[in-house]
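User: I would like to understand how the terms used for a protein model follow from their definitions. Could we go through them one at a time?

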Amino acid sequence: MIDHKDFEEWRGHPVTEWVFSLCQRHAETMRDKWAAQVWDTGEIKPEALLEARVRADCYMALPQSSFDDWSSIDGPSD
């Protein structure tokens, strides 16, 4: 298991930052596509909004996660 210092080093790595920026962009794309569809059609479909929000939330789960979030997945240390 890694410690908090290692985790912060990983989060600050350029590749990690790049991946997280892509996650952010995909979340924004989901929002923008949904808004454009509503604007173009004038029709609001609650199921389409829910799907877009779930996808955006999934994209943002990694960048918004903390060391404690990851530690709880990894389980208690021995």
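Analyst: What follows takes the terms in turn and sets each value against its definition. This is a predicted model, in which local features need pLDDT of at least 70 and side-chain atom pairs count only at pLDDT 80 or more, while totals for chains, interfaces and linings use all residues. Residues are numbered from 1 along each chain as its sequence is written, and side-chain values use heavy atoms, with hydrogens and water left out.

User: What makes the pair of R55 and E51 a salt bridge?

Analyst: A salt bridge is a side-chain nitrogen of Lys or Arg within 4 Å of a carboxyl oxygen of Asp or Glu. The closest N and O atoms of R55 and E51 are 2.9 Å apart, so the pair meets the definition.

User: Where do R55 and E51 lie with respect to each other?

Analyst: Both belong to helix α3 (residues 46–61), and because they are four residues apart there, about one helical turn separates them. A helix here is a DSSP run of H or I with at least four residues, and helices are numbered from the N terminus.

User: How many salt bridges does the structure hold, and which residue pairs with D32?

Analyst: The structure holds two salt bridges. D32 pairs with R31, and their closest N and O atoms are 3.2 Å apart, so this pair also satisfies the limit for a salt bridge.

User: Why is R31 called exposed, whereas D32 is called partly exposed?

Analyst: The words depend on relative accessible area: buried means under 20%, exposed over 50%, and partly exposed in between, using a 1.4 Å probe and protein chains only. R31 has 52% and therefore counts as exposed, whereas D32, at 44%, falls in between and is therefore partly exposed.

User: Which word applies to R55, and which to E51?

Analyst: R55 has a relative accessible area of 41%, so it is partly exposed. E51 has 44% relative accessibility, so it is partly exposed as well.

User: How do you know that C58 is exposed, and where does it lie?

Analyst: C58 lies in helix α3, and its relative accessible area is 54%, so it counts as exposed. Its C-alpha atom is 8.2 Å from that of A27, although the two are 31 residues apart in sequence.

User: What about A61: which exposure word fits it?

Analyst: A61 also has its place in helix α3, but with a relative accessible area of 43% it is therefore called partly exposed. A61 and M30 are 31 residues apart along the chain, and their C-alpha atoms are separated by 14 Å.

User: Which residues are in contact where helix α1 meets helix α2?

Analyst: Helix α1 (residues 4–12) and helix α2 (residues 14–41) pack at an angle of about 65 degrees, with their axes 5 Å apart. Contact means heavy atoms within 4.5 Å, and it is made by W10, R11 and G12 of α1 together with P14, T16, E17 and F20 of α2. These residues divide into three nonpolar, two polar and two charged.

User: Where does H13 lie, and is it buried, exposed or partly exposed?

Analyst: H13 lies in the loop between α1 and α2, and because its relative accessible area is 40%, it is partly exposed. H13 and D74 are 61 residues apart in sequence, with 21 Å between their C-alpha atoms.

User: Why is M1 called exposed?

Analyst: M1, in the segment before α1, has a relative accessible area of 60%, so it counts as exposed.

Conventions: Helix = DSSP H or I, 4+ residues; strand = E, 2+ residues; numbered from the N terminus. Axes fitted to C-alpha atoms, helices over the stretch in contact; angles between N-to-C directions. Nonpolar A, V, L, I, M, F, W, Y, C, P; charged D, E, K, R; others polar.
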